[in-house]
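User: Got a minute to walk me through this one? I'd like the plain version.

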Amino acid sequence: VDAEGQIVYFLYKPTLSGRGIGTLHLWPDGRLQMARSRLSGARAAFEESLDGKILWSTPVEPDYEVHHDTQRMPDGKVIILVSDDWTPQGSTRKIRGDRIVVLDRQSLEETWSWSTKDHFNLIDGGRTWGNAAFFNEADNCMYFSARLLSRVTRIDYDTGEIVYNMGMDSPSGEVAFGDGFFSYQHAPEMLPNGNLLVFDNGNLRFPAHSRGVEIAFDDPAAPTNAEIVWTHWLHDEFGHPVFSQSGSDIDELPNGNRLMSAARVGMVFEVTLDHHLVWLLRVRVGEKPMVIYRAQRVPSLIVDAPGDRDGDWDLDVLDFAGLQLAYSRERQDAISFADSLSDFDHDGDFDMDDVSSFALWMSGPGDDEAE
């Protein structure tokens, strides 16, 4: 929707399971990346064009049960959050945690993996219900949000070791700091200043009330403590407290304001740092609020499409031929815009990987999602 709340674009993805799209990103290269159900009902990660054509998806085998989140690495690899294997606990009970997987887009091979069952103490509760996983290039760490533990974990990407667990105190004593900062949280986001934004759903608060918090650390490299340096309690335009028991999001905008979505009440807010409400969107079906898992502000739906070498906003055989010419000619200097848009794997040159990716872009698996 635009700033006036008018629909300017719409994409519908029906599923047999009735479960719709989870996280959704529109990347600068014009691709939509989302976690959603296949037609068969199994959850997967997809990259699609704006017209809904499937350009890439996680493989059917092995069975990655992708849920809640999928992100990108700086090198173009894909992060997926998947359910882990069932783990026996006692004689009659089994529990299931989460696993973060990094996939090579070309080979579909796992290049990195991290499992809660290998790093969390089961005494704290084995069902983590992870809802976010993202990589922060500034500190070379992966971040993971465990909703049911009210915990955010920072993981050293090179070693796989936990840098800290932050959030609700736990029986294991493995949570270093942050008790009371948030509960049943969603959508943690690292800021350029090293602070962390988190949507605090507030399920364990009485009375229930949701808020956004910004958290600062005593030592960004090796934190031993933290404090909340900004809090915004959600209220509607009439001043009534807003509570969203699940979903929801918070982002920092280029102008410094914060965009917050309250999923269960179908509301998206833009607020200033001094808590002035400058924009509010209500999304309803009749009088019933529509659930909004997350919201993202984008400058435009018009983007520079990779591979569109002739600039006609259409990917066709002429662009494919142009890419082949670029691939074959000898280069003495770095590729530049707009040729750089055709460097699909972002390695600074044109090779067969780029040609294969472009061919997949043009053809794709098909709109029928054949499995």
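**Hairpins, salt bridges and odd backbone spots**

Analyst: Let's start with a hairpin: β17 and β18 form one with 5 residues between them, and G256 in the turn has a positive phi of about 95°. Strands here are DSSP runs of E with at least two residues, helices are runs of H or I with at least four residues, and both are numbered from the N terminus.

User: What kind of model is this, and how are residues numbered?

Analyst: This is a predicted model: local features need pLDDT of at least 70, side-chain atom pairs count only at pLDDT 80 or more, and totals for chains, interfaces and linings use all residues. Residues are numbered from 1 along each chain as its sequence is written, and side-chain values use heavy atoms, with hydrogens and water left out.

User: Back to that hairpin. How many bridges join β17 to β18?

Analyst: 4 bridges join β17 (residues 249-252) to β18 (residues 258-262), and the two run antiparallel. Two strands count as paired if DSSP finds at least two bridges between them. Within this pair, I250 stands opposite M260 in β18.

User: And β19 with β20, which way do they run?

Analyst: They run antiparallel, joined by 5 bridges. V268 stands opposite L281 in β20. This hairpin has 5 residues between its strands, and H275 takes a positive phi near 75°.

User: Now the big picture. How many helices and strands does the protein chain have?

Analyst: The chain comes to 3 helices and 22 strands. Of its 371 residues, 50% are buried; buried means under 20% relative accessible area, exposed over 50%, and partly exposed in between, using a 1.4 Å probe and protein chains only. The accessible surface comes to about 17,900 Å², with 53% of that belonging to carbon and sulfur atoms. Those areas come from the Shrake-Rupley method with a 1.4 Å probe, and for residues only the protein chains shown count as cover.

User: What share of the contacts is between residues 24 or more positions apart?

Analyst: 46% of the contacts with a separation of 6 or more. A contact means heavy atoms within 4.5 Å.

User: Switching to charges. How many salt bridges are there?

Analyst: The structure holds 16. The criterion is a side-chain nitrogen of Lys or Arg within 4 Å of a carboxyl oxygen of Asp or Glu.

User: Give me one. What is the N to O distance for D124 and R151?

Analyst: Their side chains meet at 3.0 Å, N to O. D124 lies in the loop between α1 (116-119) and β9 (130-136) and R151 in strand β11 (residues 151-156), so the pair ties together parts that are 27 residues apart in sequence. Both D124 and R151 are buried.

User: Which residue does R282 form a salt bridge with?

Analyst: D236, with the closest N and O atoms 3.9 Å apart. This pair links distant parts of the chain, 46 residues apart: R282 is in strand β20 (residues 277-282), while D236 is in the loop between β16 (226-233) and β17. R282 counts as partly exposed at 31% relative accessibility, whereas D236 is buried with a relative accessible area of 12%.

User: What about R297 and E270, where do they lie?

Analyst: Those side chains meet in a salt bridge at 3.1 Å, N to O. R297 lies in the loop between β22 (288-289) and α2 (317-328) and E270 in strand β19 (residues 267-271), so the pair ties together parts 27 residues apart in sequence. R297 is partly exposed at 38% relative accessibility, and E270 is buried at 7%.

User: Okay, backbone oddities. Which residues does the cis peptide bond join?

Analyst: F206 and P207, with omega about 0°. P207 lies in the loop between β14 (196-200) and β15 (211-217).

User: Why flag a cis bond or a positive phi?

Analyst: Because most residues other than glycine have a negative phi, and most peptide bonds are trans.

User: Where does L108 lie?

Analyst: L108 sits in the loop between β7 (93-103) and β8 (110-115). Its phi is near 65°, a positive value in a residue other than glycine. L108 counts as partly exposed at 30% relative accessibility.

User: Last thing: what is the strand order in the open sheet of 4 strands?

Analyst: The order is β13-β14-β15-β16, with antiparallel pairing. β13 (186-190) and β16 are the edge strands, each pairing on one side only.
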